[in-house]
Amino acid sequence: MENFEPVIVAFCCHYCAYTAADMAGSQRLPYPPNVKIVQIPCSGKIDALHIVTAFEKGADGVYVAGCLEGDCHFKNGNTRAARRIEFVKKYLEEIGIESERLEMVNVSAGMGHRFAQVATEITDKIRKLGPSPIRTALAQ
Amino acid sequence: MITAERKPLEELIEYIKPFKRILLLGCNECVTVCAAGGRKEVGLLASGLQMAMLKTGNNIEIRQHTLERQCDPEYVEELVPMIDSADAVMSMACGCGVQQIAMRFKDKPVFPAVNTTFMGASERQGVWAERCQGCGNCLLGITGGICPIARCAKQLMNGPCGGSTGGRCEISEDVDCAWQLIWDRLKALGLQDRYLDIVPAKDWRTGGGSGPRKIIREDLAE
């Protein structure tokens with residue numbers, strides 16, 4: 001697909017990544033507008049269904065951004081989220097969607113720079129992978 | 001509870017391939033607790049099937065519904081208003097639920113979405129283990145509350161066998177020897193004398209040995 005602009009959904013924890021996105025904004029750090037942020041109260045709140053639904057609606061990539069290991073506001077939400085992501089990756093492969101389209105990342109509230117860097121790296125990776133097979137099928 | 005696991009997506013797609021409108025049914029009982037076929041799993045499977053079919057150029061319509069109990073005819077009746085708009089039914093309930101649907105709606109193809117596995121208990125979050133085989137003549141009273149039918153690989157009535165080493169079963173180091181557990185518990189309870197009683201060979205007629213079983217409660221049956 002020429003001029004392909006990926007749609008990426010980022011589920012961001014309120015206590016870290018969402019604040020880091022704010023930080024990136026106030027530091028005037030640019031990151032691709034392809035990333036659509038959804039604020040969640042904790043990365044552990046993410047459900048397999050949220051992720052799968054994002055792909056079903058045509059997202060090319062999804063990532064869940066939680067606190068650094070050991071820093072979860074709710075003790076272990078981020079480690080639970082990481083396990084859930086592994087589970088959904090396997091399910092995506094079963095469906096026929098490349099599991100590389102889903103990622104778990106860890107960012108602290110002060111890491112505006114890292115937030116912008118992660119958003120840029122993931123957007124580049126998804127751009128290289130091309131449109132998701134579901135988005136292609138939906139367009140037909 | 002009755003435990004189950006979802007079948008591979010590939011197998012489920014083969015079932016529903018010839019149909020356009022699918023009614024995907026969950027059950028709010030055991031399969032919800034073991035995270036195999038409750039409302040959430042119905043949503044996840046519907047989404048997965050929808051996408052997998054879309055990839056092959058087939059746009060199917062999946063209606064989701066979760067019954068309070070699929071093994072109970074009074075709840076199955078809830079489906080009457082929606083059954084006509086489905087070409088086929090896929091059930092995420094245990095085998096009992098699937099059969100109830102098939103029996104009630106004789107003209108609809110019904111497919112199982114899960115493999116019903118065993119009667120088990122939760123060891124910790126996300127882990128379930130077999131605890132009962134429904135043998136129809138419970139022995140737990142003489143075995144310290146540990147079942148040799150469900151938990152001994154040989155279903156020994158007087159164990160342990162020679163394959164018990166260090167409290168583990170010879171089939172796997174991950175499996176506890178049920179008879180070691182029984183002995184340890186009887187000892188802790190001061191009931192070692194029960195271990196000395198020789199239990200005669202089990203009469204399997206109560207455990208399905210004389211065909212499908214049925215319970216009829218005269219005071220309740222209509």
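Q: Angles run from 0 to 180 degrees between the N-to-C directions of axes, and the axes are lines fitted to C-alpha atoms. At what angle does helix 3 of chain B run to strand 3 of chain B?
A: The model is predicted. In it, helix 3 of chain B lies across strand 2 and strand 3 of chain B. Its angle to strand 3 of chain B is about 170°.

Q: What is the strand order of the open sheet in chain B?
A: This sheet has four strands, paired in parallel. Strand 3 (61–67) and strand 5 (110–112) of chain B each have a single partner strand, so these two stand at the edges. The order is 3-2-4-5.

Q: By how much are neighbouring strands of this sheet turned against each other on average?
A: The strands pair in the parallel sense. Ignoring direction, the average turn between neighbours is 25°.

Q: Which residue is the bridge partner of B:I22 in strand 4 of chain B?
A: Strand 2 (residues 21–27) and strand 4 (residues 88–91) of chain B pair in the parallel sense over four bridges. In strand 4 of chain B, the partner of B:I22 is B:A88.

Q: Which helix packs on the sheet and touches strand 2, strand 4 and strand 5 of chain B?
A: The direction of this helix makes about 160° with that of strand 4 of chain B. It covers residues 9–16. It is helix 1 of chain B.

Q: Is B:L24 buried or exposed?
A: B:L24 sits in strand 2 of chain B. Discounting residues up to four places away in sequence, it touches B:V42, B:L45, B:A46, B:I62, B:R63, B:Q64 and B:M90. The cut-off for burial is 20 or more other C-beta atoms within 10 Å. B:L24 has 26 such neighbours, so it counts as buried.

Q: Which helix gives the largest share of the side of chain B that touches chain A?
A: The contact takes 13 residues from chain A and twelve from chain B. On the chain B side, six are nonpolar, four polar and two charged. Ten residues of that side come from one element, helix 3 (residues 39–55) of chain B.

Q: What span should helix 4 of chain A have, at 1.5 Å a residue?
A: Helix 4 (residues 112–129) of chain A holds 18 residues. Its end C-alpha atoms are 26 Å apart, which agrees with the expected span of 26 Å.

Q: Within what arc do the buried residues of helix 4 of chain A fall?
A: Those residues are A:G112, A:F115, A:A116, A:V118, A:A119, A:I122, A:T123 and A:I126. An α-helix has 3.6 residues a turn, so residues three or four places apart point the same way. Seen down the axis of helix 4 of chain A, the buried residues line one face, because they fall within an arc of 160°.

Q: Which residue with a positive phi comes just after helix 8 of chain B?
A: Helix 8 (residues 178–189) of chain B reaches 16 Å from its first C-alpha to its last. Its buried residues include B:W179 and B:W183. Their cover includes helix 7 (148–151), strand 9 (172–176) and helix 9 (192–196) of chain B. Just past the helix, a phi of about 70° belongs to B:G190.

Q: How many other C-beta atoms lie within 10 Å of that of A:T136?
A: A:T136 belongs to helix 5 (residues 133–139) of chain A. Its C-alpha lies 9.8 Å from that of A:D60, 76 residues away in sequence. A:T136 is partly exposed, because its count of other C-beta atoms within 10 Å is 15.

Notes: Residues numbered from 1 in each chain as written. Chains lettered and ligands numbered in written order. Predicted model: local features only at pLDDT ≥ 70, side-chain atom pairs only at ≥ 80, totals over all residues. Contact = placed C-beta atoms within 7 Å. Nonpolar A, V, L, I, M, F, W, Y, C, P; charged D, E, K, R; others polar. Expected span 1.5 Å × (residues − 1). Buried ≥ 20, exposed ≤ 12 C-beta atoms within 10 Å, placed from the backbone. Arc of directions from axis to C-beta. Pairing = 2+ DSSP bridges.
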